[in-house]
Amino acid sequence: QAPASLDRWIPNGQAAVPGLGRPIALWPPFTEHNISDAGMLIFQARDPGGFGNTGFVAVLVAPDTGDVLGVVDVDRSPAYAPLFFHRDFWGGRVGSFVVGVMALGSLFLLAAGVYLWWPAANRIGRKLSGRPWRLSFTRARPMHDWVGVWTLPILILLSFTGLYIAQPSWVEPAIAVMTAPDAPSTAAAAAPPCGAPMTLDAAATRAAALANAPAFRSIYAGEGDTVWEITFAADGSDALHRETHVLADLSCGTLVVGATPETRPSSEAAALWLFGLHDGTAFGDAGPVLVSLAGVAPLILMISGFRLWLRTRRIT
């Protein structure tokens with residue numbers, strides 16, 4: 001169910017972390033960024049340190065009343081440590097650079113692996129089949145070949161999208177070439193005249209009707225002090241490129257649809273697609289499971305490749 005007291009979330013959350021201003025994000029329970037049964041507000045202004053470098057602090061609240069349940073220093077929380085390690089090895093910009101280089105190295109190794117694997121034309125079917133299965137799972141060479149070739153497409157996909165997430169500036173030129181130039185925004189011209197102020201609860205309800213969605217997925221701080229960007233998922237999908245965004249100005253009581261899957265600029269849609277491809281949400285409910293299983297493939301390739309390397313050492 002949609003939270004019932006958003007207007008109590010914010011003052012209660014601000015009181016729990018005084019001096020940090022208004023939150024930059026509000027997430028209801030059980031969303032992609034908040035898998036707990038509590039509401040979550042994200043504030044930014046603390047000194048970065050620990051595992052991350054965001055300066056984020058999360059305030060957990062009871063969804064129906066807004067009562068504060070706890071405060072989490074995101075950068076120093078062990079719960080978020082795997083996320084920061086995956087993104088930048090707990091190394092900030094230096095770590096992100098290393099991850100980007102590793103992604104490029106992975107793409108090179110995958111291409112080299114295809115070259116080394118490629119058999120004669122009359123043996124392609126045999127090498128793809130993996131038979132006999134006993135040898136494929138017990139001997140290093142068949143295991144390395146079979147796992148590598150069948151997971152190749154998704155490993156290339158994960159490496160390329162991971163490169164974008166770690167180092168967007170390295171990939172954005174390619175996105176600009178492959179997508180059409182973005183049309184000038186008409187959101188400001190389409191904004192309705194100022195009216196009576198409204199509460200955030202009222203804005204969320206009206207925005208849901210405007211987006212034809214049951215409940216919001218997230219709320220982000222907009223450019224103005226009273227502007228909020230309310231996002232809605234399409235058909236329960238977690239894919240970012242399928243979200244509808246509604247801009248709500250509480251002081252004027254106005255709502256404007258900022259972006260939809262049909263009207264989103266092509267470059268922005270392409271970038272969001274890359275996130276969805278990396279975490280699997282672009283493939284529906286089964287996507288994250290597929291991506292998680294694919295995460296085992298590099299481990300298998302590493303072990304079998306190491307065994308092959310040891311064999312060459314013994315020969316020489």
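Helix axes are lines fitted to C-alpha atoms over the stretch in contact, and angles run from 0 to 180 degrees between N-to-C directions. In this predicted model, the axes of α2 (residues 81-88) and α3 (residues 92-117) come within 7 Å and cross at roughly 60°. Because an angle of that size falls outside the parallel, antiparallel and perpendicular ranges, α2 is oblique to α3. On the α2 side the contact involves His86, Arg87 and Asp88, which meet Gly92, Gly95, Ser96 and Val99 of α3. Sorted by class, this contact between α2 and α3 has one nonpolar, four polar and two charged residues.

The loop between α2 and α3 holds a residue worth a pause, Trp90. Although Trp90 is not a glycine, its phi is positive, at about 60°. Most residues other than glycine have a negative phi. Trp90 has a relative accessible area of 42%, so it is partly exposed, a class that lies between the 20% and 50% cut-offs. Phe30 also has a positive phi of about 60° without being a glycine. Phe30 sits in the loop between β1 (25-27) and β2. With a relative accessibility of 61%, Phe30 counts as exposed, because the cut-off for that class is over 50%.

A second helix pair is formed by α6 (residues 140-166) and α10 (residues 266-279), whose axes come within 9 Å and cross at roughly 130°. This angle is why α6 is described as oblique to α10. The crossing of α6 and α10 is left-handed. From α6, the contact draws on Leu157, Leu158, Phe160, Thr161, Gly162, Tyr164 and Ile165, while α10 brings Ala271, Leu274, Phe275, Leu277 and His278. By class, the contact of α6 with α10 has nine nonpolar, three polar and no charged residues.

Attention now turns to the interior. In soluble globular proteins, nonpolar side chains tend to be buried together. Here, the largest nonpolar core has 28 residues, and those with the most contacts inside it are Leu6, Leu26, Leu200, Ile219, Ile230 and Phe232. At least two residues of this core come from each of α1 (6-16), β2 (39-44), β3 (56-61), α9 (200-211), β6 (227-232) and β7 (244-249). Helix α9 gives the largest share of the core, six residues. Leaving aside residues up to four places away in sequence, Phe232 touches Ala204, Ala207, Ala208, Ala211, Ala213, Ala215, Phe216, Arg217, Arg242, Glu243, Thr244 and Val246. Apart from the largest core lies another, of eight residues, among them Ala103, Tyr164, Ile175 and Leu274. Two of these names, Tyr164 and Leu274, also belong to the contact between α6 and α10.

One further loop residue completes the picture. Cys252 is placed in the loop between β7 and β8 (254-259). The relative accessible area of Cys252 is 17%, and because this is under 20%, Cys252 is buried. Not counting residues up to four places away in sequence, Cys252 touches Cys194, Gly195 and Ala196. Val57 makes a useful reference point: the C-alpha atoms of Cys252 and Val57 are separated by 30 Å, and the two residues are 195 residues apart along the chain.

Methods
Residues are numbered from 1 along each chain as its sequence is written. This is a predicted model: local features need pLDDT of at least 70, side-chain atom pairs count only at pLDDT 80 or more; totals for chains, interfaces and linings use all residues. Side-chain values use heavy atoms; hydrogens and water are left out. A nonpolar core is a set of buried Ala, Val, Leu, Ile, Met, Phe, Trp, Tyr and Cys residues joined through side-chain atoms within 4.5 Å. Buried means under 20% relative accessible area, exposed over 50%, partly exposed in between (1.4 Å probe, protein chains only). Helices (H or I, at least four residues) and strands (E, at least two) are DSSP runs, numbered from the N terminus. Contact means heavy atoms within 4.5 Å. Angles under 35 degrees count as roughly parallel, over 145 as roughly antiparallel, 65 to 115 as roughly perpendicular and the rest as oblique. A crossing is left-handed if the near helix is turned anticlockwise from the far one by less than a right angle, and right-handed if clockwise. Ala, Val, Leu, Ile, Met, Phe, Trp, Tyr, Cys and Pro count as nonpolar, Asp, Glu, Lys and Arg as charged, and the others, Gly among them, as polar.
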